[in-house]
Amino acid sequence: MFSMISMGQLEMYLERKLEDQLDFTLLDVRSRQEFRDGHLAGAVNIPLEEAELWAGNSLVGLSYNLPVIVYCGHGSKSLIAARMLDQMGFLVLAAAGGLASYRGKYYKSI
């Protein structure tokens, strides 16, 4: 079963990652264009629409040895992705509310 975290909690996770106190993969499941328009620092983009690529070891940037924190634009796609990844055996956290509710300093745009 995956867990939910708030975008504020995600901000704290990102702080700890930058201080080398915590390691995880930050997964953005929005489209490639949405990712190019702006994303959280350090995120890996694997769109939900490409979920068929999420089988076995073909997951570029994802590891069964590290927690995966999933986010999207508003929270719905990240919930779907979190369920899928959880069923595949990943340790997953889903960020509630998505980028629409993020007000922190780790947002990167062009």
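**Exercise 1. Contacts of D28**

Leaving aside its neighbours within four places in sequence, which residues is D28 in contact with? Place D28 in the fold and describe its surroundings in this predicted model.

Solution.
- Step 1: find the element. D28 belongs to strand β2, which covers residues 25-28.
- Step 2: check the accessibility. D28 has a relative accessibility of 0%, so D28 counts as buried.
- Step 3: list the contacts. With neighbours within four places in sequence left aside, D28 is in contact with F35, H39, A43, V44, N45, I46, P47 and Y71.
- Step 4: look for a polar partner. The side chains of D28 and Y71 are joined by a polar contact of 2.7 Å.

**Exercise 2. The position of L40**

Determine where L40 lies, whether L40 is buried or exposed, and which residues L40 touches.

Solution.
- Step 1: L40 is part of strand β3, residues 38-40.
- Step 2: the relative accessibility of L40 is 0%, and L40 therefore counts as buried.
- Step 3: apart from residues up to four places away in sequence, L40 touches M7, L10, L26, Y71, L99, Y102, Y106 and Y107.
- Step 4: as a distance exercise, take L40 and A94. These residues are 54 residues apart along the chain, and their C-alpha atoms are separated by 14 Å.

**Exercise 3. The nonpolar cores**

Identify the residues that touch the most other members of the largest nonpolar core, and the elements that supply this core.

Solution.
- Step 1: the largest nonpolar core has 16 residues, and those touching the most other members are L10, L26, L40, I69 and Y71.
- Step 2: at least two residues of this core come from each of α1 (7-18), β5 (68-71) and β6 (92-95).
- Step 3: the element that gives the most to this core is α1, with 3 residues.
- Step 4: take L10 as an example. Beyond its neighbours within four places in sequence, L10 is in contact with I5, L26, L40, I69 and A95.
- Step 5: a second core, separate from this one, has 15 residues, including V29, I46, F90 and V92.

For background, nonpolar side chains in soluble globular proteins tend to be buried together.

**Exercise 4. Helix α1**

Compare the expected span of α1 with the distance between its end C-alpha atoms, then say on which side its buried residues lie.

Solution.
- Step 1: α1 has 12 residues, and at 1.5 Å a residue they should span 16 Å.
- Step 2: the end C-alpha atoms of α1 are 17 Å apart, which agrees with the expected span.
- Step 3: the buried residues of α1 are M7, L10, E11 and L14.
- Step 4: these buried residues cover an arc of only 105° around the axis, so they are on the same side of α1. An α-helix has 3.6 residues a turn, so residues three or four places apart point the same way.
- Step 5: the cover over the buried residues of α1 includes β1 (3-5), β2, β3, β5 and β6.

**Exercise 5. The residue after the helix**

What phi does D20 take just after α1?

Solution.
- Step 1: D20 is located in the loop between α1 and β2.
- Step 2: the phi of D20 is positive, at about 55°, and D20 is a residue other than glycine.
- Step 3: at 72% relative accessibility, D20 counts as exposed.

**Exercise 6. Salt bridges**

How many salt bridges does the count come to? Describe three of them and the exposure of their residues.

Solution.
- Step 1: the count comes to 5 salt bridges. Side chains of opposite charge can pair when their charged atoms come close.
- Step 2: K17 and D23 meet through their side chains at 3.8 Å, N to O. K17 is partly exposed with a relative accessible area of 27%, and D23 is partly exposed with 43%.
- Step 3: R32 and E50 form a salt bridge of 2.7 Å, N to O. This pair links distant parts of the chain, with R32 in helix α2 (residues 32-37) and E50 in the loop between β4 (44-45) and β5, 18 residues apart. R32 is partly exposed, at 36%, and E50 is partly exposed, at 21%.
- Step 4: E49 and K77 form a salt bridge of 3.1 Å, N to O. E49 lies in the loop between β4 and β5 and K77 in helix α3 (residues 76-87), so the pair ties together parts that are 28 residues apart in sequence. E49 counts as partly exposed at 48%, and K77 is partly exposed at 25%.

Terms used:
Residues numbered from 1 in each chain as written. Predicted model: local features only at pLDDT ≥ 70, side-chain atom pairs only at ≥ 80, totals over all residues. Heavy atoms only, no water. Helix = DSSP H or I, 4+ residues; strand = E, 2+ residues; numbered from the N terminus. Buried < 20%, exposed > 50% of the residue type's maximum accessible area, 1.4 Å probe, protein only. Contact = heavy atoms within 4.5 Å. Polar contact = N/O pair within 3.5 Å; in protein donor to acceptor, adjacent residues only side chain to side chain. Core = buried A, V, L, I, M, F, W, Y, C linked by side-chain atoms within 4.5 Å. Salt bridge = Lys/Arg side-chain N within 4 Å of Asp/Glu carboxyl O. Expected span 1.5 Å × (residues − 1). Arc of directions from axis to C-beta.
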